[in-house]
Amino acid sequence: MRNVKIFDTTLRDGEQTPGISFPLSYKIQIARQLDKLGVDVIEAGFPAATQGEFESVKEIANLGLSAAVCGLARVVREDIDRAIQADVDMVHIFISTSRIQIEHTVKKSREKIVEDAVREVEYIKSHGVECMFSAMDATRTEIDYLKTIYRAVEEAGVDIINVPDTVGVATPFQMYDLISKLREYLRVPIDVHCHNDFGLAVANTYAAVKAGADEVQVTVNGIGERAGNASLAEVVMLISAVEGLKTNIRTEYLVETARLVERLSGIKLPPNTPIVGENAFSHESGIHAHGVLSNAKTFEPGLITPEMVGHRRRIVVGKHAGRHQIKKLLEDAGCFVSEDILAKIVEKVKDLGDRGKKVTDLDVITLAEVMMGEVSREERAITIDEATILTGNRITPTAILNAEVEGEKKVTSAIGVGPVDAALRAVAQLVGKSIKITEFRMDAITGGSDALAEVYVTVEDDEGRKFTARGAGPDIVMASVDAVINAVNYLMKMRAR
Ligand code: MN
């Protein structure tokens with residue numbers, strides 16, 4: 001079976017998303033996650049761009065990852081030297097080949113462009129480093145000139161050529177035709193890089209693979225210049241689950257990877273995003289939900305399951321859901337609750353339903369976990385005696401907490417970007433540095449300014465144990481503090497055992 005290689009450019013093209021700049025620590029986290037996911041190549045950046053970029057590429061190149069690390073460079077000797085100095089496994093060089101870009105930006109003859117490309121490919125290869133060559137704006141370049149330059153670099157020893165649809169104007173039919181012609185003409189492996197200006201990045205990448213492309217360039221969540229690049233998750237599942245080709249991706253980490261990049265980039269995924277979106281495997285209507293519960297293939301594509309991509313199926317639980325249905329739902333999730341907790345959950349689901357809130361099966365499971373994990377007053381390691389939280393337009397949000405921590409009186413204070421942030425930081429100080437808040441979600445249940453706020457937080461300790469807890473009340477700051485304190489008490493109780 002054909003194996004299609006995955007070249008990830010989240011850290012290079014993805015970072016060129018308007019408004020994104022990843023600090024080094026984020027880049028390292030993303031690189032490690034991509035390596036765990038199993039991408040073949042990580043394009044870590046453009047080393048000649050800035051000193052910071054050079055250092056981050058070098059750091060990633062020296063992490064000892066299984067993936068090859070690639071650095072981008074123009075067909076310019078200084079750029080290439082910087083990339084080589086950054087210890088990359090591969091240098092990806094590019095030069096414009098389309099009429100419009102040659103006239104307005106490159107301003108060299110076509111012969112000179114070929115000559116420069118050949119010379120620099122030979123230079124890179126003489127350093128024992130792999131080389132990828134891109135004819136920038138390839139999809140707007142005359143095919144004869146493309147063949148000439150790709151053949152020339154092939155003869156110079158390039159390892160792989162890339163065919164970028166730099167401005168996202170190709171259609172799947174054109175892409176299929178172009179890659180077919182190049183595949184027939186060249187021996188060197190072919191890679192493609194597609195942009196999403198017309199929503200066709202994934203379709204064009206797929207067409208290129210059908211025409212014989214050996215490798216594809218993608219980004220996590222499709223982030224990138226303008227409308228972005230082809231989405232890693234969509235391309236991988238399309239060519240593996242639908243087309244039946246092989247990739248080296250461990251698909252069970254797709255959702256985890258998407259969430260990490262969503263969080264670090266600040267670019268929220270719409271819930272209807274394919275494969276990794278919140279709703280990708282959610283069902284609400286009675287007919288669909290019933291069908292899916294008896295056989296998932298009835299109302300899902302069937303070629304992929306939520307488990308394959310690290311997702312979970314969600315069924316919206318109506319307020320008419322009975323005790324038996326909720327009990328069964330919990331037991332299917334491996335959650336066995338006592339009768340009185342079950343009664344409380346049923347009551348809560350009805351109450352939320354009456355307030356107009358949609359409750360999913362995962363909400364029910366969270367409720368059960370929260371209720372089972374509630375720590376009795378006597379067992380609590382931390383209790384808050386007094387909380388003062390200040391905010392306003394002329395003061396820095398500040399939280400001061402008086403608390404009892406394992407029998408000892410403590411006072412802490414912290415500032416934050418807002419009152420909730422300040423309060424959570426103060427709680428974290430009470431507990432010590434070893435506890436971090438990994439997820440925070442707040443829902444307002446119904447109505448006006450007296451609406452009940454419900455907060456769910458997930459807290460992780462230094463041993464990787466996670467616990468989700470809930471806090472609720474009309475005061476959003478205190479509901480947040482309660483949720484964290486509940487989670488921390490539960491973790492400390494587990495640790496004491
Ligand atoms: Mn690009």
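Two strands are said to pair if DSSP finds at least two bridges between them. By this criterion, strands β2 and β3 of this predicted model pair in the parallel sense, over 4 bridges.

**Figure 1. Overview of the protein chain in the predicted model.** The chain has 497 residues, of which 52% are buried. Its secondary structure consists of 16 helices and 17 strands. Along the principal axes, the C-alpha atoms fill a box of roughly 80 × 55 × 45 Å. The chain exposes about 23000 Å², and carbon and sulfur atoms supply 51% of that area. Of the contacts between residues at least 6 apart in sequence, 65% join residues at least 24 apart.

**Figure 2. Strand β3 and the strands that pair with it, β2 and β4.** Strand β3 covers residues 68-74 and is mostly covered, with 6 of its 7 residues buried. Strand β2 pairs with β3 in the parallel sense through 4 bridges, and Ile 42 stands opposite Val 69 of β3. Together with helix α2 (residues 51-61), β2 and β3 form a right-handed β-α-β unit. Strand β4 (residues 90-96) is also parallel to β3, and 5 bridges link the two. Here Gly 71 has Val 91 of β4 as its bridge partner. Helix α3 (residues 77-85) completes a right-handed β-α-β unit with β3 and β4.

**Figure 3. The surroundings of Glu 43 in strand β2.** Which side chains make polar contacts with the side chain of Glu 43? One is the side chain of Arg 12, at 3.0 Å. The other is the side chain of His 92, joined to Glu 43 by a polar contact of 2.7 Å. Is Glu 43 buried or exposed? Glu 43 has a relative accessible area of 0% and is therefore buried, since the term applies to values under 20%. Setting aside neighbours within four places in sequence, Glu 43 is in contact with several residues, among them Phe 7, Asp 8, Thr 9 and Leu 11. Its contacts also include Cys 70 and Leu 72.

**Figure 4. Strand β6 and the elements around it.** Strand β6 spans residues 160-165; because 6 of its 6 residues are buried, the strand is largely enclosed by the rest of the structure. Both of its faces are covered: one side carries the buried residues Ile 160, Asn 162 and Pro 164, while the other carries Ile 161, Val 163 and Asp 165, which are also buried. Strand β5 (residues 130-136) runs parallel to β6 and is joined to it by 3 bridges. In this pairing, Ser 134 has Asn 162 of β6 as its bridge partner. The chain passes from β5 through helix α6 (residues 143-155) to β6, in a right-handed β-α-β crossover. Strand β7 (residues 190-194) pairs with β6 in the parallel sense over 5 bridges. Asn 162 appears again in this pairing, opposite Asp 191 of β7. A right-handed β-α-β unit is made by β6, helix α7 (residues 172-185) and β7.

**Figure 5. The manganese ion and its donor residues.** Which residues coordinate the manganese ion? They are Asp 13, through OD, and His 193 and His 195, each through NE2, at 2.0 to 2.3 Å. The spacing of these donors in sequence is D-x179-H-x1-H. His 193 counts as buried because its relative accessible area is 5%. His 195, with a relative accessible area of 3%, is likewise buried.

**Figure 6. Ser 231 and Glu 234 at helix α9.** Ser 231 lies in the loop between β8 (215-218) and α9 (232-242), whereas Glu 234 lies in helix α9. The side chain of Ser 231 reaches the backbone nitrogen of Glu 234 at 3.3 Å. Ser 231 has a relative accessibility of 9% and so counts as buried. Glu 234, by contrast, is partly exposed, because its relative accessible area is 21% and the buried class ends under 20%. Leaving out residues within four places in sequence, Ser 231 is in contact with Val 202, Val 218, Thr 219, Asn 221 and Gly 222. With residues up to four places away not counted, Glu 234 touches Val 202, Thr 273, Pro 274 and Ile 275.

Methods. Residues are numbered from 1 along each chain as its sequence is written. This is a predicted model: local features need pLDDT of at least 70, side-chain atom pairs count only at pLDDT 80 or more; totals for chains, interfaces and linings use all residues. Side-chain values use heavy atoms; hydrogens and water are left out. Buried means under 20% relative accessible area, exposed over 50%, partly exposed in between (1.4 Å probe, protein chains only). A polar contact is a pair of N or O atoms within 3.5 Å; within protein, one must be able to donate a hydrogen and the other to accept it, and residues adjacent in sequence count only if both atoms are side-chain atoms. Contact means heavy atoms within 4.5 Å. A crossover is right-handed if, with the strands pointing away from the viewer, the path from the first strand over the helix to the second runs clockwise. Donors are N, O and S atoms within 2.8 Å of the metal (3.2 Å for Na, K and Ca); water is not among the atoms, so sites may look incomplete. Accessible areas come from the Shrake-Rupley method with a 1.4 Å probe; for residues, only the protein chains shown count as cover.
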